[in-house]
Every structure is written in structure tokens, then in C-alpha cells.
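The following exercises ask the reader to work through one protein model step by step. Please attempt each task before reading its solution.

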Amino acid sequence: MAKQSLTLNNGHKMPLVGLGMWQVTSPEECKDSIRAALDAGYRHIDTAYAYQNEAFIGEVLQEYFTAGKLKREDIFVTTKLWVTYHEKDRVPLCIAESLKRLQLDYVDMYLIHLPVGLRETGKGGLFPLDENNKPAFQDVLLTDTWKGMEQVVRSGQARSIGVSNFNMEQIDKIYKIAEIIPATNQVECHLYLQQEKLFRFLKERGITLTAYSPFGSPARPAYLQEEGAPRVLDDPVAKDLATKYKRSVGQIHLRYLIQRDIIVIPKSTNPGRIQENLKVFDFELSGDDMSKLAAQDKKLRFFTGLQFKGHPEYPFDEPL
Ligand SMILES: NC(=O)c1ccc[n+]([C@@H]2O[C@H](COP(=O)([O-])OP(=O)(O)OC[C@H]3O[C@@H](n4cnc5c(N)ncnc54)[C@H](OP(=O)(O)O)[C@@H]3O)[C@@H](O)[C@H]2O)c1
């Protein structure tokens, strides 16, 4: 059986496959999915302050702890700092809210969700709007936010810290001043956006890459769907390999990523697919087949964050 976790730059282990929880806001669906995942053997859950499901996840974790089915140290929980908490002194407030909802004393991984900050205006919900109904941009130095992130490690609220949706220049800003080097950068990564350049850049600095939307997020919201955009799960090379290896197409996509030492957090609320997505450690793609998949890269980003364009820390203009 191949290795199932990566050792981070601080010695903690992070399971290579986790359950993604974005867009799972129905309490019952969320709780049933977490139960299905824990029963299937998942030991890594990816959520965020902004996903509005931390409380449901916390309920199920408590249920499993109380029943003696799971110990706190068995499970790796990631959550994320929301964009309205970028000021250094607000970082501990945001994580405290997440911990309360999750009913945990600490999270295993805490990430800056986006490099773009917004200020609270009381209008627009999670994405506050200014007086012109435009996103209320707030330009907090990323290095200041990082100081707040380091603080939550010192206070014991997070074991590891990292970033999400950061480009190389932004990683570099933090890396230069960090007392604690980020442990991961969670970014969009799949067959059509392979992130090889960013991956090498991170590797040289001892930072792992976590792939969000490893299937290309087929059910992403309409505003992120471009007409005629290719579907990652329809890729013909991956489909042929699924036949060759007698695996599902999804398993080929996940195996390709974890075999490159990339952590994956596929989302599913379907019990069968939840199980399927974890069964990727008992086969290996040949070097030739890895190369065939590498050749399918289209450097195609589905998450363009266009509503943040114009913010000084808009991350997606850097060449791929
Ligand atoms: N940091 C960030 O900014 C950010 C952004 C986006 C996502 N994320 C994280 O990454 C996670 C995953 O990304 P995602 O939710 O965008 O999309 P994804 O994991 O690429 O795709 C999920 C979709 O694929 C379907 N699916 C799951 N397993 C499958 C399989 N084996 N075969 C075929 N279809 C399958 C799911 O449907 P069913 O549920 O019906 O199975 C769902 O519609 C998120 O949940 C979140 O935790 C982070």
C-alpha cells in the first residue's frame, strides 16, 4: 500500500486525501457525508469559516468522539480565515469562532482563504459591498495577516498554518518574514490546471500543494461556468486509463495528483463516490501513463476570482 500522508515542514502528517465540504450547506447532507467519510476511513476534512457548515461537522465529530469511534488525534481538520478578518488582531477572533462551531480546541491546519481582504460594511453578507455596491476592498499587508496566523499556532489554536489561492510573489512576501513557514498552499489543481511551476516553487521552499477542485469542480456555481469550457472528468486520456487500470475515471484523476505528492480534497455527498475517492492507494500509474496525463494540461483556470480584480493582491494575473 502506497503512503497515505505527507509529512509537513513542521513534522505533522497530513493525509493525502481529504473530504472537501464547499457548497454542502444542508445540515443533514453535511452530517451524513461526514459520517459516510469517517466510516469509509477518511481522516481529513476540509472546511472553511465561509462554507457555513463547521457546526454540522463539529456535531458529527463529537458524536464519533463520544462513541469512542474516533480520537481527536486521529482526524486532520482544516479550516480557513475569512477575508474580513485579515487584520492581525482579528485572526484569533475568526479562528475562535470556527473552533467553537467545530467544538474543537485546535484545528490541524488553518489557511488564509484568499490573499484579498474585504472590510465589513454590514451589506453584502460574506462579500461586503461598499457604497457603490462594489466589493469593499481592504488592503491589509499579507505579512501582517501572517503575523496573526503565527499567533494562533503559539496560542495552540492551530497545529499548522498555510495559505490558499496565493501566487508565487505572495508566497515570497510571506516566506521572507516568516518565523513559521507556511505548510501548504491550497490552490485549484486538476488535469487541466496542473500547476507544475507553482508546485516546484513551493517544493523548493518546503511547502506542500493541496489541490482544490481535483475534478475541475463540475458543479461550481453558474457564475464560474463558461460556455463551452471542457470538463475535466470527460478527458479521453484519463477515461482510457480508467479502462486500462479497471478503476473509475475519478480515481485516475486523484491517483495522478497524489502520485505527484499533491494532497487532494475531492468533494462528494454521495456515499458510493465518497468511498471510491479514498480507494486510490492500492494501485500505481506507470511512468508512461503519468507522462500521458501530464501532456493533457491546458493551464485552464475555472476559479478566476474576477470580482476581486483590481484589488492590489488579486492573485491570478501571474503567468502559469
Ligand atoms: N480554497 C479555496 O478557495 C477552494 C475553492 C474551491 C474548492 N475548495 C475545496 O476543495 C473541495 C473540492 O472542490 P470542489 O468542491 O470545487 O469540486 P471537485 O471536488 O473537483 O468536484 C466535486 C464534484 O464532483 C462530483 N464527484 C465527486 N466524486 C466523484 C467521482 N468519483 N466521479 C465523478 N464525480 C464525482 C461531486 O458530486 P457528488 O457530491 O454528487 O458526488 C461534485 O459535484 C471543496 O469542497 C473545498 O473543500 C477550496
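The exercises below concern a predicted model and proceed from the whole chain to single residues.

**Exercise 1. The overall fold**

Task: Determine whether the radius of gyration of the protein agrees or disagrees with that of a compact globule.

Solution.
- Step 1. The chain has 320 residues, and a compact globule of that length would have a radius of gyration near 20 Å.
- Step 2. The protein has 19 Å, so the value agrees with the expectation.
- Step 3. The extent of the C-alpha trace can be added: along the principal axes it spans about 55 × 50 × 35 Å.
- Step 4. The secondary structure of the protein consists of 10 helices and 12 strands.

**Exercise 2. Interior, surface and charge**

Task: State what percentage of the residues is buried, and describe the contacts, the surface and the charges of the protein.

Solution.
- Step 1. Of the 320 residues, 53% are buried.
- Step 2. Consider the contacts between residues at least 6 apart in sequence: 72% of them join residues at least 24 apart.
- Step 3. The accessible surface comes to about 13,900 Å², and carbon and sulfur atoms account for 49% of this area.
- Step 4. There are 41 positive and 42 negative side chains. The centres of these two sets lie 3 Å apart.

**Exercise 3. Helix 2**

Task: Calculate the span that helix 2 should have at 1.5 Å a residue, and identify which elements cover its buried residues.

Solution.
- Step 1. Helix 2 comprises residues 54–66, which is 13 residues.
- Step 2. The expected span is 1.5 Å times one less than the number of residues, so helix 2 should span 18 Å.
- Step 3. The end C-alpha atoms of helix 2 are 18 Å apart, which agrees.
- Step 4. The buried residues of helix 2 are E54, F56, I57, G58, V60, L61 and Y64.
- Step 5. The cover over these residues includes helix 1 (27–40), strand 4 (44–46), strand 5 (76–81) and helix 3 (91–102).
- Step 6. Just after helix 2, G68 adopts a positive phi of about 75 degrees.

**Exercise 4. Positive phi outside glycine**

Task: Locate S217 and K299 in the chain, and give the phi angle of each residue.

Solution.
- Step 1. S217 belongs to the loop between strand 11 (208–212) and helix 7 (236–245).
- Step 2. Although S217 is not a glycine, its phi is positive, at about 45 degrees.
- Step 3. A residue under 20% relative accessible area is buried; S217 has 12% relative accessibility and therefore counts as buried.
- Step 4. K299 is found in the segment after helix 10 (287–294).
- Step 5. K299, also a residue other than glycine, has a positive phi near 45 degrees.

**Exercise 5. Three residues in strands**

Task: Decide whether T78, L118 and Q138 are buried or exposed, and list their contacts beyond four places in sequence.

Solution.
- Step 1. T78 lies in strand 5 and is buried, with a relative accessible area of 1%.
- Step 2. The residues that T78 touches are M14, H44, I45, D46, T47, M109 and L111.
- Step 3. L118 lies in strand 7 (residues 117–118) and is buried, with a relative accessible area of 0%.
- Step 4. The contacts of L118 include V83, T84, F127, P128 and Q138. The C-alpha atoms of L118 and P128 are separated by 6.7 Å, although the two residues are 10 residues apart along the chain.
- Step 5. Q138 lies in strand 8 (residues 137–138) and counts as buried at 16% relative accessibility.
- Step 6. Q138 is in contact with E87, G117, L118, R119 and H311.

Note on methods
Residues numbered from 1 in each chain as written. Predicted model: local features only at pLDDT ≥ 70, side-chain atom pairs only at ≥ 80, totals over all residues. Heavy atoms only, no water. Helix = DSSP H or I, 4+ residues; strand = E, 2+ residues; numbered from the N terminus. Rg over C-alpha atoms; globule rule 2.2 N^0.38 Å. Buried < 20%, exposed > 50% of the residue type's maximum accessible area, 1.4 Å probe, protein only. Contact = heavy atoms within 4.5 Å. Areas by Shrake-Rupley, 256 points an atom, 1.4 Å probe, with all protein chains shown as cover. Lys, Arg positive; Asp, Glu negative; His and termini not counted. Charge placed at Lys NZ, Arg CZ, Asp CG, Glu CD.
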